[in-house]
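Trainee: Got a minute? I'd like to go through this model with you before I set anything up.
Mentor: Sure, pull it up and fire away.

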Amino acid sequence: MSLIGKGILKGMGVTAKNFFQSYYRKERLPTVEYPEEKATINQFSRNFPFLLYDGDDPVDGMRCTACTLCERACPPQCIYIIKDKDENGKAILSPRIFDIDTSVCMSCQLCVEVCPYEAIRMDSAFELSNENRFEGLLLNREELLKPNAYYHEIHPLEARETDDRMAAKAALAEAKKKARQKRARLAAKNKPPPGLKKTPPTRKKPPQREKSE
Amino acid sequence: MNNYFDLKLVELGRWIEAFFAHYPTLKLVVHLLLCTLPLALSFMGAFAFTTWLERKGLARIQNRPGPNRVGLFGLLQPIADGIKMLLKEDIVPERSDKLFHFLAPIMLMIPAMIGVGFLPLGDGLHALPLDSAIIFFFAISSLNTIAVFMAGWSSRNKYSLLGGMRAVAQMISYEIPLVLSAVAVIMMAGSLNAQEVVASQQISSWVGSGNILQEFFGRILGWNVFKPWGFAGFIFFFIAALAEANRSPFDLPEADSEIIAGHLTEYSGFKYAILFMGEYISAFAIAGIGVTLFLGGWNGPVFAGLPWFVLKLFSLFAVMIWIRGTLPRLRVDQLMGYAWKFLFPLAILNIFLAGFYHFLERQWGTAIAMLAGWLFGFGALQLAAIALSRLNQSPTIRSKRVYQLVE
Ligand code: SF4
Ligand code: SF4
């Protein structure tokens, strides 16, 4: 014979256990009181992109070459790039203006995927509230630029992998260059045609786009 | 120590009234104010404290800390909420029935406050000491059904109307087991006077005896809840009271996952606060009458009187909060079926059980009545409950379902 209301009493027991244990057991009260203490962020968390630089000077060490691949890949079109020019009006491989509108960005990470120079990565800083919802959320180049050390700090695994890949790429490029030089030297030794000097292949430049500021 | 607080409070009241001894009219006004104002204010304060208690309790049950920013442990949160409510815009729907929309909160507050007045809070602390206080209480407290329906109807909103209709169906059905379970107590006490019901819950031969142990237990063991019919009656009463007060798991009129907030949907600002307060104070009134009828009223060892009443009231409310944190909401048909097919017959049976107990007590004394009552009477209730729950089960279809289009 089962007692009427046994199930209810059992349920009440469960809630009572939760109530009392929340006073002395940490796992029963997992709340982090936000402004006083901050939750530890998982190293795989991501929200908005930032730009990486090497060395000490943000602008000189900028990895970005203003190739605009990310700008074209961005689904909500929230990246805005203008290439830099030198005094003669010739394009330099770095952006003069690089803006990301974080109020539009949907944190899809597509810009990171397409970047061939490992120049853009996802940030995990979350205290981004701002008094001005237009200009305040539109991050410009200086605000976006962060050192590689910061990247190592927030995403250690990923950063190490990126560094390794870049080092391997650099080594490969070095080896190729050496091989090419060797070939050129050999060729020069074997038959030196005075008029036919082979030029080293240059990287094809990305097509330039007209832009209004 | 017994009744010390109550006597002092009564004395204080007399002392204040004595200032106006030469002005009979003024003295009457002061007397009325002294009867009503402290009661109203203290129950409003209790309401504020209970909202805090409820939020804290539910939060802890759900493994959160609950409000903890305003004041120590968030104790000032109700005040902050009150200020917020006062400053909010009071929106009245354009096509609503404005008069009734305005009247509904008041109509809810009035019976709640009157109901509170019938409670014997302590020895001599009794705002409305009527001879038929208990029947009056039930008559007045069923008025709040009208207020809830008024709120639902006048808002001209389908969710409000649904909430109001649910409230009427629910409150009318649960009124019956509520009163029937109280009938057993009234029968045993032989009086409708709340103070006498409380007085009947002491073991009178022990209380006056001077023996400390007997003094102590005479004020506890006499509570109706320790008698078989009282225990069962208390459970029926408590379940029906939860439904009467729209408390979870019977909070169908304001089921927020189904019909937004039911009859409260179109209320905002201070009217909402008043409606909310009215519901809490009705819940207090019902819990208070439960304490009076079953838990010995203000009886208790050492500090008999107001402290015990307050303690019992808040314990009962804490159980309500605990239940709210535990049980899911019932469906409408389950709710009605539960009242009519289960609680109602059991409450009637309980009246017979009380009569049986009374007969045994008269014939062979309390000890045998207790034994027989718990063994046979309570057993009979259990059996009846099991039989009823079997009977009420919807028929199970045993044949295998055939999917014609599949085979
Ligand atoms: S994360 Fe996505 S939406 Fe944001 S800037 Fe990169 S590509 Fe655009
Ligand atoms: S894809 Fe990389 S290198 Fe190209 S513009 Fe974007 S961030 Fe700069």
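Mentor: One term before we start: a salt bridge here is a side-chain nitrogen of Lys or Arg within 4 Å of a carboxyl oxygen of Asp or Glu. Also keep in mind that this is a predicted model.

Trainee: Okay, so how many salt bridges are counted between domain 1 of chain A and domain 2 of chain A?
Mentor: The count there is one salt bridge. Glu118(A) forms a salt bridge with Arg165(A), and their closest N and O atoms are 2.6 Å apart.

Trainee: Where do those two domains of chain A run?
Mentor: The domain assignment puts domain 1 at 49–147 and domain 2 at 155–187. Taken over C-alpha atoms, the centres of the two are separated by 25 Å.

Trainee: And how many residues of each are in contact?
Mentor: Seven residues of domain 1 of chain A are in contact with seven residues of domain 2 of chain A. About 540 Å² is buried between these domains, with carbon and sulfur atoms giving 38% of that area.

Trainee: Which residues of domain 1 lose the most area there?
Mentor: Arg63(A), Glu118(A) and Arg121(A), which together make up 64% of what the domain 1 side buries. Glu118(A) is also the salt-bridge partner of Arg165(A).

Trainee: What about polar contacts between the two domains?
Mentor: Four residue pairs are in polar contact, counting pairs with both residues at pLDDT 80 or more. By class, the domain 1 side that touches domain 2 has two nonpolar, one polar and four charged residues.

Trainee: Switching to the two chains: how much area do chain A and chain B bury?
Mentor: About 1,600 Å² between them, 64% of it on carbon and sulfur atoms. Chain A brings 20 residues to the contact and chain B brings 19.

Trainee: Which three residues of chain A supply more of that area than any other three?
Mentor: Ile4(A), Met12(A) and Thr15(A), with 33% of the area that chain A buries against chain B.

Trainee: And how many salt bridges between the chains?
Mentor: Two salt bridges are counted between chain A and chain B. One of them is Glu36(A) with Arg69(B), where the closest N and O atoms are 3.1 Å apart. There are also eight residue pairs in polar contact across this interface, both residues at pLDDT 80 or more. The chain A side that touches chain B splits by class into 11 nonpolar, six polar and three charged residues.

Trainee: What confidence values come with all this?
Mentor: The predictor gives the complex an ipTM of 0.75 and a pTM of 0.75. For chain B, the mean pLDDT is 84, and 98% of its residues reach 70 or more.

Trainee: Last topic, the ligands. Which residues come nearest to ligand 1?
Mentor: Cys74(A), Cys105(A), Cys108(A), Gln109(A) and Cys111(A), out of 14 residues around ligand 1. That shell has 12 nonpolar, two polar and no charged residues.

Trainee: And which are closest to ligand 2?
Mentor: Ligand 2 is surrounded by 13 residues, with Cys64(A), Cys67(A), Thr68(A), Cys70(A) and Cys115(A) the closest. By class, the shell of ligand 2 divides into 11 nonpolar, two polar and no charged residues.

Key: Residues are numbered from 1 along each chain as its sequence is written. Chains are lettered from A and ligands numbered from 1 in the order in which they are written. Side-chain values use heavy atoms; hydrogens and water are left out. A residue is near a molecule or strand if one of its heavy atoms lies within 4 Å of it. Ala, Val, Leu, Ile, Met, Phe, Trp, Tyr, Cys and Pro count as nonpolar, Asp, Glu, Lys and Arg as charged, and the others, Gly among them, as polar. pLDDT is the predictor's confidence in each residue, from 0 to 100. Domain bounds come from an automatic or database domain assignment. Contact means heavy atoms within 4.5 Å. Buried area is the accessible area (1.4 Å probe) that two parts lose on being put together, summed over both. A polar contact is a pair of N or O atoms within 3.5 Å; within protein, one must be able to donate a hydrogen and the other to accept it, and residues adjacent in sequence count only if both atoms are side-chain atoms.
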